[in-house]
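Please prepare a careful briefing on the structure shown here, beginning with a helix and its surroundings and then moving on to the sheet, the salt bridges and the annotated domain.

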Amino acid sequence: MKIAVYPGTFDPITHGHFDLIERASLLFDKVVVAISASPGKNPALDLDTRIALAREVSAQLDNVEVVGFSGLLTDLMADQGARIILRGLRAVSDFEYELQLANMYRAQAPELESVFLTPAVENSYISSTIVREIAKLGGDVSRLVHPRVAETLRKHYNT
């Protein structure tokens with residue numbers, strides 16, 4: 001069974017994230033969306049909320065599972081029986097950082113492979129950071145995220 005793990009903070013999950021999850025679900029037997037607690041990043045939404053939103057957004061995809069984690073990704077990969085790390089590349093500027101991560105994962109666990117997908121053109125400019133900023137300032141993020149995510153952000157930022 002080919003299991004891919006798509007790790008990230010998903011703060012919040014966007015249409016760009018879902019685009020990659022959906023396409024990965026066609027390529028792999030199972031896709032695990034691994035949501036990192038990421039306390040060092042000080043996420044706007046708590047881990048349980050991010051997990052619940054990702055589960056709702058991806059509910060129609062039968063071979064997608066959403067889990068939270070707080071340790072090393074390499075440990076989660078072993079726990080999941082996975083060898084493929086899925087990452088997204090929006091722009092050339094993402095590549096250097098992602099290459100460093102891929103090499104670090106390989107140094108920690110040589111059996112792991114990183115696979116990169118690019119988002120559809122209409123999602124290539126979307127980032128969680130931009131979505132949070134727009135939502136924080138009371139802007140409309142409904143074209144960037146699932147309706148439930150937009151509602152959660154409105155409530156979170158009281159806009």
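Helix H4 takes in residues 92-108, and at 1.5 Å a residue its 17 residues should span 24 Å, which agrees with the 25 Å that separates its end C-alpha atoms. The model is a predicted one, and the points below take up the setting of this helix, the sheet, one residue of strand E2, the salt bridges and the domain record.

**Helix H4 and its cover**
- Along H4, the residues Asp94, Glu98, Leu101, Ala102 and Tyr105 are buried, and what covers the buried residues of this helix includes helix H3 (73-80) together with strands E4 and E5.
- Two acidic residues of the helix fall under the 20% limit for burial: Glu98 counts as buried at 6% relative accessibility, and Asp94 counts as buried at 17%.

**The sheet**
- Five strands form an open sheet in the order E3-E2-E1-E4-E5, and their pairing is parallel.
- Strand E3 (64-69) and strand E5 (113-117) stand at the edges of this sheet, and because each has a single partner strand, one side of each is left without a neighbour in the sheet.
- From one strand to the next, the twist averages 30 degrees.
- Strand E4, residues 84-88, pairs with E5 in the parallel sense over five bridges, and within this pairing Ile84 has Glu113 of E5 as its bridge partner.

**Ser36 in strand E2**
- Ser36 lies in strand E2, which runs over residues 30-36, and with a relative accessible area of 17% Ser36 is buried.
- When its neighbours within four places in sequence are left aside, Ser36 is in contact with Gly8, Thr9, Leu47, Arg50 and Phe69.

**Salt bridges**
- Side chains of opposite charge can pair when their charged atoms come close, and the structure holds nine salt bridges.
- One of the nine joins the side chains of Lys30 and Glu65, with a distance of 2.9 Å from N to O; this pair links distant parts of the chain, since Lys30 is in strand E2 and Glu65 is in strand E3, 35 residues apart.
- Glu65 has a relative accessibility of 31% and therefore counts as partly exposed.
- A salt bridge between the side chains of Glu98 and Arg87 has an N to O distance of 2.7 Å, and it links distant parts of the chain, with Glu98 in helix H4 and Arg87 in strand E4, 11 residues apart.
- Both partners of that bridge are buried, Glu98 at 6% relative accessibility and Arg87 with a relative accessible area of 15%.
- The side chains of Asp94 and Arg90 also meet in a salt bridge, at 3.8 Å from N to O; here Asp94 is buried at 17% relative accessibility, whereas Arg90 is partly exposed, with a relative accessible area of 43%.
- Beyond these pairs, Glu56, Arg148, Glu151 and Lys155 are linked in a network of salt bridges.

**The domain record**
- An unreviewed UniProt entry lists residues 5-133 under "domain: Cytidyltransferase-like".
- Over residues 5-133 the chain is 43% helix and 21% strand, and the end C-alpha atoms of this stretch are 27 Å apart.

Terms used:
Residues numbered from 1 in each chain as written. Predicted model: local features only at pLDDT ≥ 70, side-chain atom pairs only at ≥ 80, totals over all residues. Heavy atoms only, no water. Pairing = 2+ DSSP bridges. Helix = DSSP H or I, 4+ residues; strand = E, 2+ residues; numbered from the N terminus. Axes fitted to C-alpha atoms, helices over the stretch in contact; angles between N-to-C directions. Expected span 1.5 Å × (residues − 1). Buried < 20%, exposed > 50% of the residue type's maximum accessible area, 1.4 Å probe, protein only. Contact = heavy atoms within 4.5 Å. UniProt positions renumbered as here; feature names shortened; annotations may be inferred. Salt bridge = Lys/Arg side-chain N within 4 Å of Asp/Glu carboxyl O.
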